[in-house]
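Thanks for making time this morning. I would like to walk through one structure with you, going from a single residue to a helix, then to sheets and finally to the contact between chains.

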Amino acid sequence: MTEHMERQQKSGRSLQAGPGEPAGLYVHVPFCSGKCAYCDFFSITDLGRAADWAGLVRREAGLLGGSFEPFDTLYLGGGTPSILGVETLDLLIGTLRRELSFLPDTEITLEVNPEDVRPEGLSAYRAMGVNRISMGIQSLDDRVLRFLGRRHSAVRALGALQDILNAGFQSVSVDLIYGVPGQDSAGWMETLSCVLEHGPQHISCYELTVSPGTLLSERIASGEAFMPDEDDLRAMFLATSRRLEAGGFTHYEVSNFARPGHESRHNRKYWRRAPYLGLGPGAHSFKHPLRWWNPPSLDLYAEQLSLNTRPSDCREVLTPEQDVLERLWLGFRTLDGVDSNDLAGAVHADQIARDLERSGLVTRNGPRLVPTTQGFLVSDRLPLLFAA
Amino acid sequence: MIHIRNFSIIAHIDHGKSTLADRLIQHAGLVTDRDFRDQILDTMDIERERGITIKSQTVTLPYTSQDGKTYRLNLIDTPGHVDFSYEVSRALASCDGVLLLVDASQGVEAQTVANVYLALDHDLEIIPVINKIDLPAADVDRVRAQIEGELGLDAEEAVLCSAKEGVGIEDVLETVVRRIPPPSGDAARPLSALVFDAHYDPFRGVIVSCRILDGSLKKGDTLRFMSNRACYRVEEVGFFRLRRDPQAALSAGDVGYVIAGIKDIATARIGDTITLDERPAEKPLPGFRKVKPMVFSSLYPVASDEYEDLKEALEKYTLNDAALSFQKDASAALGQGFRCGFLGLLHLEIVQERLEREYGISLVMTAPSVQYRVHLRSGNTIVVDNPQEYPDPMEVESTEEPFIRAHILVPEKHLGAVMSLCMERRGVQPRTAFPSPERVELTVDLPLVEVIYDFYDRLKTVSQGYGSLDYEMLDYRSSNLVKLDILINGEKVDALSVIVHEDRAREWGLRVCERLKKEIPRHQFKIPIQGAIGGKIIARSTISAFRKDVTAKCYGGDITRKRKLLEKQKKGKKRMKMVGSVMIPQSAFVAALKSEND
């Protein structure tokens with residue numbers, strides 16, 4: 001109990017995401033040099049369209065930005081934002097910062113791939129205001145990297161990480177993937193230890209997800225590759241949590257670990273249901289009670305912007321029921337947990353909560369139920385238990 | 001009236017009754033061959049699937065005899081299973097004679113004998129008909145000998161036919177005309193009509209099937225049900241010719257239907273007598289043999305908001321199936337439902353299937369029980385058919401359960417297997433007799449509860465389909481009964497409690513625990529399942545905790561995609577019952593009561 005309360009204090013910030021919380025701004029950069037085996041995100045390789053894309057994003061920002069201001073995060077994700085030239089990025093960030101209002105101390109995150117990292121580029125990023133770098137390393141095992149279809153090596157990744165850390169950003173985050181076919185638990189722990197030694201402030205560890213339509217799903221379907229079984233994945237999840245917590249990180253969300261004060265301010269907005277505006281093709285936005293999303297195609301996105309319409313299958317108004325379900329589901333993903341008042345409508349809510357507590361899946365913190373590490377493992381189930 | 005014949009076909013199951021009925025209908029030209037569906041009288045899906053007749057249906061056949069006169073033959077179909085003796089008795093009371101159908105290769109079976117006694121009880125002319133004479137294994141002489149030896153009927157007069165091949169159909173019809181007496185009765189006397197069936201039509205209200213004994217009934221008359229004095233204005237009368245065929249009037253000797261705008265389905269009671277309001281009969285017709293339910297089980301709707309629908313469905317159902325009784329029941333685990341009484345387990349299964357199929361209600365059903373006698377220390381004796389009403393063991397002095405005497409006919413080579421089945425079911429005092437060279441009649445006393453519970457199925461299995469069963473109620477005998485409770489995650493699930501013999505309790509408990517373990521999905525916590533007598537645990541199993549269910553990443557703030565999946569799962573959950581914090585699917589309740597070898 002105390003351990004979890006401690007973790008929670010370490011994770012800091014207020015528990016309640018009020019409507020007053022500043023908005024986040026996300027920009028989807030849909031360009032990649034190639035397709036990774038597991039990725040089902042929208043991306044294209046034709047960099048010749050970058051200028052078009054940037055123009056559309058600026059236009060969308062002008063149309064929608066006003067109703068979200070002020071922002072306190074800007075997140076350039078992808079795709080591979082680092083594939084864009086420094087000038088293009090500078091122009092884009094500069095325009096957004098000029099035309100929209102950002103609070104002082106805004107968190108500006110840029111996603112980069114190791115193969116794009118150069119010392120001179122890093123200083124340029126800093127100059128344009130980027131204060132947080134998130135690098136997709138995924139693994140430090142070259143066989144795993146090849147299987148995933150990544151276009152860098154372990155050596156290159158570690159070199160890039162060192163360069164980034166040396167460049168003086170406030171926060172550096174590393175993305176890793178585990179549960180990859182052919183990867184054993186020892187190899188994964190080695191990757192983790194090696195990353196820890198270099199000292200980033202934030203680490204995301206994602207279990208590999210097989211999405212339909214990807215090269216990975218074909219390989220699984222054809223029997224060319226085998227996903228690890230549930231018990232192995234579970235063991236890796238728990239071992240990851242133990243290793244990183246021992247290394248001074250807080251396991252503050254299912255797949256996210258941070259040194260105190262280095263939680264991703266931007267990603268937290270998704271889980272806490274703070275308002276966020278997503279610009280670019282395939283990007284998602286939320287402003288209670290509305291959710292909407294752009295088509296995952298540059299042409300359709302352009303067309304929609306020029307007509308200034310949004311088809312009904314690209315937006316929704318949350319019903320009170322959906323509202324509660326989201327609060328529960330997302331709440332159980334983080335150390336914020338959920339408010340008991342949101343459970344009041346459920347049958348036998350008190351008893352279910354007591355059972356969960358007894359089973360070590362949640363702890364109680366005042367009026368809130370907070371998932372334990374074991375609870376994170378089943379966090380998609382927890383909201384269903386409390387369905388009205 | 002002298003040109004009317006009212007008759008039924010009685011037979012052992014599988015001896016070809018439905019096929020013969022089909023041929024008679026075809027011969028009468030009521031349907032064109034192209035429209036013909038096999039087993040026309042069995043209109044319900046379940047009957048067709050199981051090959052048994054559940055509901056009596058009547059049809060009026062026009063037939064021109066060799067004497068040149070045209071007759072009206074009323075064929076009243078009867079159910080062919082031991083569970084449905086009540087419906088058989090209703091049908092027989094409306095007849096003047098029966099065709100006793102015997103399979104030319106299988107010969108006289110236990111049920112054939114039982115049916116003959118029923119027909120004799122109603123003082124009916126019995127015409128033996130030997131069917132399936134086309135089969136290679138047919139042995140007409142042997143069957144004739146059986147009919148004379150075992151049934152005491154004159155086999156010289158037996159009609160030979162093959163309903164399947166359409167051979168001898170004309171002979172059957174001629175014999176009906178010649179040997180079954182025309183109905184007696186007086187059209188001038190006050191109306192006296194026997195209600196032997198009824199069903200509900202959403203547009204016309206209750207459709208009453210009746211046999212007119214005396215008097216007549218026409219559109220515009222005001223009829224009166226003699227038991228409750230309810231009066232209705234007649235809208236339509238007619239004959240059943242597969243569909244309703246309106247007539248100007250029904251009079252003495254006729255079998256037909258009456259529509260009188262009866263919306264209150266409880267009014268038309270099967271076995272009641274209809275008369276005319278302005279000129280009533282002196283007294284009602286002698287009552288039908290009232291059959292008491294022997295098997296009890298509680299029905300609950302899976303969705304608790306379907307309680308009212310279930311109530312309405314049961315009300316409509318009992319109109320058509322007088323043997324089903326029901327009253328309110330309630331369970332902490334399952335909410336509001338009904339305690340129902342059935343003739344037997346097959347009756348129970350059919351009611352369940354029809355309620356689900358025809359009324360669209362998903363049901364949870366508790367383990368079938370019989371009526372037990374419990375002698376209390378206080379000196380009182382109570383009758384208990386519902387485990388929920390079983391007294392505290394401390395108050396119980398002794399217990400008794402009903403026994404039956406089973407007569408099982410089986411080829412000799414299967415006797416050993418059948419004997420061990422009977423011993424396994426706590427059978428006592430087995431006796432054997434040899435009515436014919438290859439067949440053994442095993443007589444054994446068994447607890448009723450052991451017979452209602454899948455005994456017939458098991459008998460068929462161990463005798464490779466040859467065993468037949470008939471039984472009669474004996475008496476109550478002293479027996480060590482206990483109430484076995486099932487606890488899920490420490491919570492007693494009242495709907496799963498059963499009253500069982502002490503020696504069978506552990507076996508039952510283990511089976512239920514294992515079944516539930518298979519059917520209940522894993523949860524976030526370990527779920528112990530226990531069988532307990534009083535506070536003593538006698539069986540247990542454990543469902544391990546759900547280990548992992550989590551989405552790694554919500555890409556770029558896309559919350560919608562996963563939430564939609566959760567909404568879907570949430571919907572599925574609504575079809576489950578919550579017991580404490582455990583979700584139990586309907587299938588778990590169903591599985592818990594299934595028979596041992598499924």
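**From one arginine to the chain contact**

Let me begin with Arg97(A), which sits in helix H3 of chain A, the helix that spans residues 86-99. Please keep in mind throughout that what we are looking at is a predicted model. Is Arg97(A) best described as buried, exposed or partly exposed? Around Arg97(A) there are 16 other C-beta atoms within 10 Å, and since a residue counts as buried only from 20 upwards and as exposed only at 12 or fewer, the description that applies is partly exposed. As for its surroundings, once residues up to four places away in sequence are set aside, Arg97(A) touches Phe102(A) and Gly129(A). Just beside the latter in numbering is Met128(A), which lies 31 residues from Arg97(A) along the chain, with 9.9 Å between the two C-alpha atoms.

Staying in chain A, I would like to turn to helix H9, residues 230-246, which has 17 residues and reaches 24 Å from its first C-alpha to its last, close to the 24 Å expected at 1.5 Å a residue. Which residues of H9(A) are buried? They are Met236(A), Phe237(A), Thr240(A), Ser241(A) and Leu244(A). Why can we speak of them as being on the same side of H9(A)? Because the arc that they cover around the axis is only 130 degrees. The general background is that an α-helix has 3.6 residues a turn, so residues three or four places apart point the same way. On the face of H9(A) turned away from that buried side we find the exposed residues Asp231(A), Arg242(A) and Ala246(A). The cover over the buried residues is made up of strands and helices of chain A, among them strand S5 (171-178), helix H7 (185-198) and strand S6 (202-207), and it also includes helix H14 (373-376). After H9(A) comes Gly248(A), whose phi is positive, near 95 degrees.

Now to chain B, whose secondary structure comes to 14 helices and 33 strands. Of the 598 residues in chain B, 47% are buried. If we take the contacts in chain B between residues at least 6 apart in sequence, 69% of them join residues at least 24 apart.

One sheet that I would like to look at in detail is an open sheet of 6 strands in chain B, with the order S2-S3-S1-S4-S5-S6 and mixed pairing. Its edge strands, each pairing on one side only, are strand S2 (58-64) and strand S6 (159-160) of chain B. Within this sheet, strand S1 (residues 4-11) and strand S4 (residues 97-103) of chain B run parallel and are joined by 5 bridges. Along that pairing, Ile9(B) stands opposite Leu99(B), while Ala11(B) has Leu101(B) as its bridge partner. S4(B) also pairs with S5(B), again in the parallel sense, over 7 bridges, and there Asp103(B) is partnered by Asn131(B).

How many of the residues of S4(B) are buried? The count is 7 of its 7 residues. Gly97(B), Leu99(B), Leu101(B) and Asp103(B) point one way from the strand, Val98(B), Leu100(B) and Val102(B) point the other way, and all are buried.

Two helices of chain B bear on this sheet. Helix H1 (residues 17-27) of chain B lies across S1, S2, S3, S4 and S5 of chain B, and runs at about 155 degrees to S1(B). Helix H5 (residues 140-151) of chain B packs on the sheet as well, touching S4, S5 and S6 of chain B, with its direction making about 155 degrees with that of S5(B).

There is also an open sheet of 4 strands in chain B, in the order S18-S19-S17-S20, and here the pairing is antiparallel. Its edge strands are strand S18 (325-331) and strand S20 (363-365) of chain B, and neighbouring strands are turned by 30 degrees against each other on average, direction ignored. Strand S17 (residues 295-301) and strand S19 (residues 335-342) of chain B pair over 5 bridges, with Phe296(B) standing opposite Gly341(B).

I will finish with the place where the chains meet, in which 27 residues of chain B are in contact with 44 residues of chain A. On the chain B side the most is given by helix H13 (residues 560-574), with 7 residues. By character, that side of chain B divides into 10 nonpolar, 8 polar and 9 charged residues.

Note on methods. Residues are numbered from 1 along each chain as its sequence is written. Chains are lettered from A and ligands numbered from 1 in the order in which they are written. This is a predicted model: local features need pLDDT of at least 70, side-chain atom pairs count only at pLDDT 80 or more; totals for chains, interfaces and linings use all residues. Two residues are in contact if their C-beta atoms, placed from the backbone, lie within 7 Å. Ala, Val, Leu, Ile, Met, Phe, Trp, Tyr, Cys and Pro count as nonpolar, Asp, Glu, Lys and Arg as charged, and the others, Gly among them, as polar. Two strands pair if DSSP finds at least two bridges between them. Axes are lines fitted to C-alpha atoms, for helices over the stretch in contact, and angles run from 0 to 180 degrees between N-to-C directions. The expected span of a helix is 1.5 Å times one less than its number of residues. The arc is that of the directions from the helix axis to the C-beta atoms.
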